[in-house]
Amino acid sequence: MLPLARIVHQTRSRVRLRIGEKRKDPEYFEELGNRLGTIAGITELRTSSSTGCVLLLHPEQPWSELEPELQALGLFEITAAPEPIKPALEPLLHGIAQVNQALATG
């Protein structure tokens, strides 16, 4: 199954995608940058494996024409759905649970 690329922000000539599943995967984002760089109509491209984001500037090509080309690369599936909400305290609660478990067994 392909990773989801969520549209984080979009204007007429610019789109920011977040591929959360591939965050911290520099090889994926390097390959992604190389492949996206071959698409006509993209005038500027920035990728960040640390944030999991891709920024595409496409001033001369409408999104409706660019999106199918991006999908055809087979590197991700584009969705406009927002990212699932992750409670801010979830990592803290997980850490507390681990401490509790360590204390109970130690």
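**Entry 1: ground rules**

Helices (H or I, at least four residues) and strands (E, at least two) are DSSP runs, and they are numbered from the N terminus. I needed that first, to place Gln61 in the loop between β4 and α2.

I am working with a predicted model, where local features need pLDDT of at least 70, side-chain atom pairs count only at pLDDT 80 or more, and totals for chains, interfaces and linings use all residues. I number residues from 1 along each chain as its sequence is written, and side-chain values use heavy atoms, with hydrogens and water left out.

**Entry 2: confidence**

I looked up pLDDT, the predictor's confidence in each residue, on a scale from 0 to 100. The protein has a mean of 91. In all, 95% of its residues reach 70 or more. Where is confidence lowest, and where highest? I found it lowest in helix α3 (residues 90-105), with a mean of 86. The highest value belongs to β4, at 97. I noted a caution too: where pLDDT is low, the predicted coordinates should not be read in detail.

**Entry 3: the sheet**

I counted two strands as paired if DSSP finds at least two bridges between them. In which order do the five strands lie? I read β3-β4-β2-β1-β5, an open sheet with mixed pairing. β3 (44-48) and β5 (77-79) are the edge strands, each with a single partner, so one side of each has no neighbour in the sheet. From one strand to the next, the twist averages 25 degrees.

Then I went through the pairs.

- β1 (residues 4-10) runs parallel to β5, over three bridges. Here Arg6 stands opposite Thr79 of β5.
- β1 and β2 are antiparallel, with four bridges. Gln10 has Val15 of β2 as its bridge partner. The two strands make a hairpin, with three residues between them.
- β2 and β4 are also paired in the antiparallel sense, over five bridges. Leu17 faces Val54 in β4 as its opposite.

**Entry 4: the two faces of β2**

For burial I used relative accessible area: buried is under 20%, exposed is over 50%, and partly exposed is in between (1.4 Å probe, protein chains only). The side chains alternate along β2. Val15 and Leu17 point to one face and are buried. Arg14, Arg16 and Arg18 point to the other face and are not buried.

**Entry 5: helix α2**

I took contact to mean heavy atoms within 4.5 Å. Axes are lines fitted to C-alpha atoms, for helices over the stretch in contact, and angles between N-to-C directions run from 0 to 180 degrees. What does α2 (residues 63-72) lie across? It crosses β1, β2 (14-18), β4 (53-57) and β5, at about 145 degrees to β5.

Trp63, Leu66 and Leu70 are buried in this helix. Viewed down the α2 axis, the buried residues fall within an arc of 65 degrees, so they line one face of the helix. (The arc is that of the directions from the helix axis to the C-beta atoms.) General background: an α-helix has 3.6 residues a turn, so residues three or four places apart point the same way. The buried residues of α2 pack against β1, β2, α1 (26-36), β4 and β5. On the other side of the helix, Ser64 and Ala72 are exposed. After α2 comes Gly74, with a positive phi near 75 degrees.

**Entry 6: four single residues**

Is His58 buried or exposed? At 0% relative accessibility, it counts as buried. His58 lies in the loop between β4 and α2. Leaving out residues up to four places away in sequence, I listed its contacts, among them Arg12, Val15, Thr43 and Trp63.

Gln61 is buried too, at 11% relative accessibility. With the same sequence neighbours left out, it touches Ala40, Gly41, Leu66 and Glu69. Its side chain makes a polar contact of 2.7 Å with that of Glu69. (A polar contact is a pair of N or O atoms within 3.5 Å; within protein, one must be able to donate a hydrogen and the other to accept it, and residues adjacent in sequence count only if both atoms are side-chain atoms.)

Lys24 sits in the loop between β2 and α1. At 55% relative accessibility, it counts as exposed. Its phi is positive, near 70 degrees, and it is not a glycine. Most residues other than glycine have a negative phi.

Glu77 belongs to strand β5. It is partly exposed, at 37% relative accessibility. I also checked its separation from Ala104, 27 residues apart along the chain: 44 Å between C-alpha atoms.
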